[in-house]
Amino acid sequence: MKKKLTEKKGHVVAWIDKAEWDQVLEYLYSKECTLQKYALHRISAWKGRFSHNTPIAVESTADLVRCQILDRSGQLEADDLVLLYGTALVRFVNLITERQQGKIARPLRRLANKLRIPEWIVNLRHDITHRKLPTLKWCRKGCKFVLEWLQQEYWSRQLGSGLTENWDSQSEGEDGEEEQQRQEDQLIARQKEIESYKKARELLISFEKEQFQAFEGFLVENKPMSLLPAPSADMSWILAQIKLFALESSEILIDVLMEDGFIVPTIEQLESLGVNTSDNVDPTAPGLPRVVLRFWLPLLKDLNSQLFIQLLLEKLFVELQQPSEDDQKHRMFYVAGWISEVILCNANKSEYHYESKSQRKARQKDNIFINRIQLRWQQLLAACLNAPCVATPHLLQQILEYMDHPMPLDTQQKLLKLSSIYTQSADSGCDPSIQHSGQHSGVYTLESLHEKLKSRCPGHTLRQGTVSDQCKALPERTEDFQEHLSPDVLAERAAELRGSPWQVCTDKVEWRNYPLGKVPGQLKDPTCLMLDHFSTMTVFDQQVEMENATQHNAHAGVSMPHRITTDGLLWTHNDISKLKAGLQLF
Amino acid sequence: MKVHKAPSKPEHMSKRPHCKDKWYKLNRVSNISDCSSLRSDVAKIEKYVSNVRKDKHNLKRLKKGAKAVCFRPFNPLALERTTTHPSLTNGGAGGKEQVSDSDESQDWCSLAKSVLHQYFSGKRTEGKDSSLSAEVSPGRMEEEAFFHCAERDHVHNRTVLVMQPGQTLCFRGKCLLSCLYGRVEVHGFTIEEGQQSYPLFSPSSHCPLTVTALGDSSNPSKTEKEGRLVVKAIVRKYLSTDTHKRLLSEVYLDSCIILLEPLDTPLTRFLTSFPDLNELFGLNSREIRDNSAILDTPLSGIGVIPLRKSSEGMFMSQSYREALNGLVNACAEELDGCPVIIVCGAKNVGKSTFNRHLINTLLNHTACVDYLDCDLGQTEFTPSGCLSLCTVREPLLGPPFTHQWTPEHMIFYGQTSCETDLDRYLESLKFLWRLYKRETPIIINTMGWVKDFGFQLLVDIIRLFSVSHVVQLSSGDKEICPQLTTDFLRSSHGWHTHPPAQSALVEDGCGGHSTQHSHTLFSVNSEFEGAGRQGEMRHQRSNELRDLALLGYFSQMQSPEPGPVRPLHCFTPYQVAHSAVAVRVTHCEVAPTHMLYAANASLVGLCCLNEKVSGRGGPVLLSQTPVCPCVGLGVLRGVDMIRGLYFLVTPVAPSVLRQVNCLLLGAVSLPNVLFTGQTGIVGDPPYVTMDYSFELSGAGKFRVFKGLARPGQMRNSK
């Protein structure tokens, strides 16, 4: 019974709706005996529905109200009533404090105090359990107080009817020590996180500085990039530091990398690297400028463990999920570019078997890692599909292609198609790579689906694709859920049931519209389900009947020897001695 | 009365490497020649293979079970027959159907041996017989192995896997397994070439399933050459040319070839349609944490995720194997009537796993085994709250919710523990016991309540049902209940039964009781990790398992053809007049006027009273809970007060439903997802609220204090 149960999905309860809850509450606290009794009966039905999950507050309230009704009836003596009240009160105090108990038993008084139950109620409970029984007067007082407490703390606050602001403050004060401890722990954890974040930032910035210096020299002299010098001593030291840091908190490192100005370079950074930022980049087929890749290569080559790469990819995909604003386009492009780059490194080597040694060398130089890394492709696939954007079809294709164990071809195609349909609206300029299917360049509509269907199954005559028909298309889809029994099945079932009181329901009812527990024409008010007349049936001792029935069984004779020993034991010793005693009389 | 000792030295093992060597030689020679010269034979063999695959045996008999040398001649005749067995079975399917007496005993004999064999092959796997294991490379299949030994046919989406004897595949997921060549064992059940496909379910709620390749398929009638051809034909049939070559190089005469196909049934469709359950056939949190799954294998597209060694499959302790072995022997030996086996022990010690294993092992040689389920909380074939007697004909290759079959006889008890009404519990069991025909061995599964009254009930059951074998499982050192020896039973009191009084014995001298029934006791110590504790991961808690069983039960309503999954409220209901069926709530007192309110949208047991039910127009309420047969469960979908009708949805066939005249309600309620997941309805679903706050004091249900020891120990599991 944690908080999560109340999240979104709803919780299954015994009452039909809030109206019923309110009615039962009203009846319980009315001074009218008949109404109170009615509420108790309803709660007995709730208990039947709830089985073991009846809330203890409901149960306690019912017990106490029952005492009040019996008290007011005037048919019981004071001593009877003290016993009744006593049980109800003891159960209330024990059950309500039960949840507060930790592993070590704590005094009830303290637990009750937290719940704002006064000490005298707890003392009353102690009196009932192991001291002199209290007087009826005290019992009545206690009952009245507890009922009020239940109304205030449970009934009137439940079901969203008045969760007051002071509630929060109270719940905090509830578990004082534990709460404080937890807060302290959280604080420490957060502090640590901030520190490592700062450190990661510092390390990466110093890396960037070093790299910029190295690059600047080259850019000025306009030498080919491939001639970059071996990393300086400073650089080696920084890289070692970063590597060490990544061992402990790769997650934080990746988070920092992901920020603007690191692996997603700012415009200024790009300019200083000599990348033309006004390039007409194609957002659907992202790729990184080589300079940017090479800028980061020394770092990434050092960190190319399986775990790190997997984490990096997943985080990159999470980045892609952010809503793509116009100013974010640049960022999206680079994020997608990095994903594409990393996945490309995992390309099957067999594709390159034709290339020369030098070609391979050149290619591998730009790779973050050379040997294929075992990635968790399924997760990546899911991550990719979770972050639909203009580049998704491109990335998806890459993933599908390089997976260790590719999916069936038709599945691949379907996925690609779906993703292209889904992402196409984001940009009017449609990706040429997703045009492979040809005809549908525009927006997908129902018409195109109809057309497709028609071309697929020419034998099947579709109804004319009028506008009204298309409007129906959607409801038709959900109608699928409704079970439609064919006349044959109906007839068959009816034949099998003939002569019995059972029938297949043949009413023209859209059952899918009616949730479990509702039938057409039924009122919302649960009073319609109350019985005013019914008959009671007492079944004869079924046991005897069945025993006779088995006697007639054909196979009973086969197992006769066994049966005798079994039946012999069916008599208890008492039975046997009684029988013996009876025999001696004759 | 201790267990039968397993013979210590397996003689046949010296045979194995020998025949392997031979095959190696042949391998080299035939590689050159077989392509051209033998092509003409392939068609013939393909035909043979398909023939073998086609015939389904109701009565399953292992063809090669008798291969190993008999360690323990139970019966000289049987031993002699053993040697002639292969010729008989190879003659064709017809031979297998004749069940003569000696045939029977011979089967039992070989069955006993097959268990022994498993025992030793299991030992060998653990590396104790190092000389062998190094060569055969047994053990868990890991990345390398999948790379070499598995090929996936992308067109038909199926995977062929070659396994060497002793190799195991432990996995999560679900699939359809057929054995193409050789034979494999899954949870005690042996599947060999030519048999039907079996569905395997290995969801995260239970211990993962393990497929073990068995050796000794050295069928003398099959020469190496022939064997080679058969293998080739098989692999060709299932794989395209470019892939099958590579696989063939991994195949030896004693290898096994299995085919794995995706499994899609109404059950899996229905279960995975619930968002909370869509990872049911995936990894559990621990396997994810330990990174024990081998992802991206040729099996992943099939729905099978192999696990690394780090995640242990089922662990069978020494005493577990000995008990299993002893029981198989007992079923072979018992001449005076069938064995009555009872399996008992505290909660979570592996009773039902042992039961499944035992049933599967017995099914290797007998057509059916009876099963009396006395465990209300974790039932095997029915939703919980039911007691049942079931004749098992199919192996159990998955947890209970994957085989919710209609039992032959069932009684609706209505609660997940029996403590509130011990008498009715015992009466119900006696009722079922009388319907047992005593023609097959029976296994009695008991509840995990083995203290106080629970223990007394256990004593009663052993006495009343003249149990011949008691399997008592325990975990750890702490003894929860005393050993149920015959001596102990002579003096212990049950709830209904009592030991013969001393006075009676003295008076009678050698009265009827001195010849009291005696039984064999097997004490099994469960040594698997987490024994005696409830699983804490998703889908492992007992209430989640109960929900799964119910969902499994109602999945029978889904149509067998693939299509949209229908929520329960979309089905066309059956209707019956209020006056024609009696209603009763079994677990608490409900005010009669509010009875239909309590019954609306509830789970009901569909029961048959002997008496005719006819109310005077209005509903009929029973004054006490009867012990009567139950034919299944349904959901009381709605109540029409104006016309006086109940609407019911149920998977029970109409021909059976017609007998139903009593609806019993119990404390087992419908899974919450059936209420919260209703789609397409108009308006808000009743009985569902978004606003219930569990933060308020008293909002929760009873919570029993863990440190508190109380007689109703079962309550903890609720």
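## Two chains at a glance

Helices and strands here are DSSP runs, with at least four residues for a helix and at least two for a strand. Counted that way, chain A has 24 helices and three strands. Chain B has 21 helices and 25 strands. Keep in mind as you look around that this is a predicted model.

Now for how much is tucked away. Chain A is made of 586 residues, and 40% of them count as buried. Chain B is made of 718 residues, and there 63% count as buried. As for the accessible surface, chain A shows about 33500 Å², with 54% belonging to carbon and sulfur atoms. Chain B exposes about 26800 Å², and carbon and sulfur atoms supply 52% of that.

You can also ask how contacts link distant parts of the sequence. Take the contacts in chain A with a separation of 6 or more: residues 24 or more positions apart account for 67% of them. In chain B, the matching share is 79%.

## How far to trust chain A

Chain A averages a pLDDT of 74, and 68% of its residues score at least 70. Where in chain A is confidence lowest, and where is it highest? The low end is helix H8 (residues 166-174) of chain A, with a mean of 37, while the high end is helix H3 (residues 56-73) of chain A, at 93.

Two stretches of chain A deserve some caution. Over residues 426-441 of chain A, pLDDT stays under 50, and the model has 15 contacts there beyond four places in sequence. Over residues 457-479 of chain A, pLDDT stays under 50 too, with 14 contacts beyond four places in sequence. Where pLDDT is low, the predicted coordinates should not be read in detail.

## Where the chains meet

How many residues of each chain take part in the contact between A and B? On the chain A side there are 119 residues, and they are in contact with 128 residues of chain B. The area buried between the two chains is about 11600 Å², and carbon and sulfur atoms give 59% of it. In chain A, the residues that lose the most area to chain B are A:Arg49, A:Trp502 and A:Leu516, together 8% of what that side buries.

For a single spot to zoom in on, try B:His594, in the loop between S19 and helix H19 (595-599) of chain B. Leaving out residues up to four places away in sequence, B:His594 touches A:Tyr38, A:His41, A:Arg42, A:Ala45 and A:Met530. B:His594 has a relative accessible area of 1%, so it counts as buried.

## A sheet shared by both chains

Here's a nice feature to trace: nine strands form an open sheet, in the order S2(A)-S18(B)-S23(B)-S22(B)-S20(B)-S24(B)-S19(B)-S21(B)-S3(A), with mixed pairing. The edge strands are strand S2 (503-504) and strand S3 (535-537) of chain A, each pairing on one side only.

Look at strand S19 (residues 582-585) of chain B. S19(B) runs parallel to strand S21 (residues 620-622) of chain B, joined by two bridges, and B:Val583 has B:Leu621 as its bridge partner in S21(B). Four bridges tie S19(B) to strand S24 (residues 662-665) of chain B, again parallel, and B:Val585 stands opposite B:Leu665 there. For an antiparallel pair, see strand S20 (residues 603-607) and strand S22 (residues 630-640) of chain B, joined by five bridges. In that pair, B:Leu603 stands opposite B:Val635.

Which way do the side chains of S19(B) point? B:Ala582 and B:Arg584 point one way, B:Val583 and B:Val585 point the other way, and all are buried. In a regular strand the side chains alternate between the two faces of the sheet.

## Inside chain B

B:Val186 sits in strand S5 (residues 183-186) of chain B. Its relative accessible area is 0%, so B:Val186 is buried. Among the residues B:Val186 touches, beyond four places away in sequence, are B:Ile191, B:Leu200, B:Val211 and B:Leu397. B:Val186 and B:Leu396 are 210 residues apart in sequence, yet 9.5 Å apart in space, C-alpha to C-alpha.

And the cysteines? A search of the whole structure finds zero disulfides over all chains. Why is B:Cys256 not bonded to B:Cys179? The sulfur of B:Cys179 is the closest cysteine sulfur to that of B:Cys256, but they are 5.8 Å apart, which is too far for a bond, because a disulfide needs the sulfur atoms within 2.5 Å. B:Cys256 is buried, at 0% relative accessibility, and B:Cys175 is buried too, at 1%.

Notes:
Residues numbered from 1 in each chain as written. Chains lettered and ligands numbered in written order. Predicted model: local features only at pLDDT ≥ 70, side-chain atom pairs only at ≥ 80, totals over all residues. Heavy atoms only, no water. pLDDT = per-residue confidence, 0-100. Contact = heavy atoms within 4.5 Å. Buried < 20%, exposed > 50% of the residue type's maximum accessible area, 1.4 Å probe, protein only. Pairing = 2+ DSSP bridges. Areas by Shrake-Rupley, 256 points an atom, 1.4 Å probe, with all protein chains shown as cover. Buried area = accessible area lost by both parts, 1.4 Å probe.
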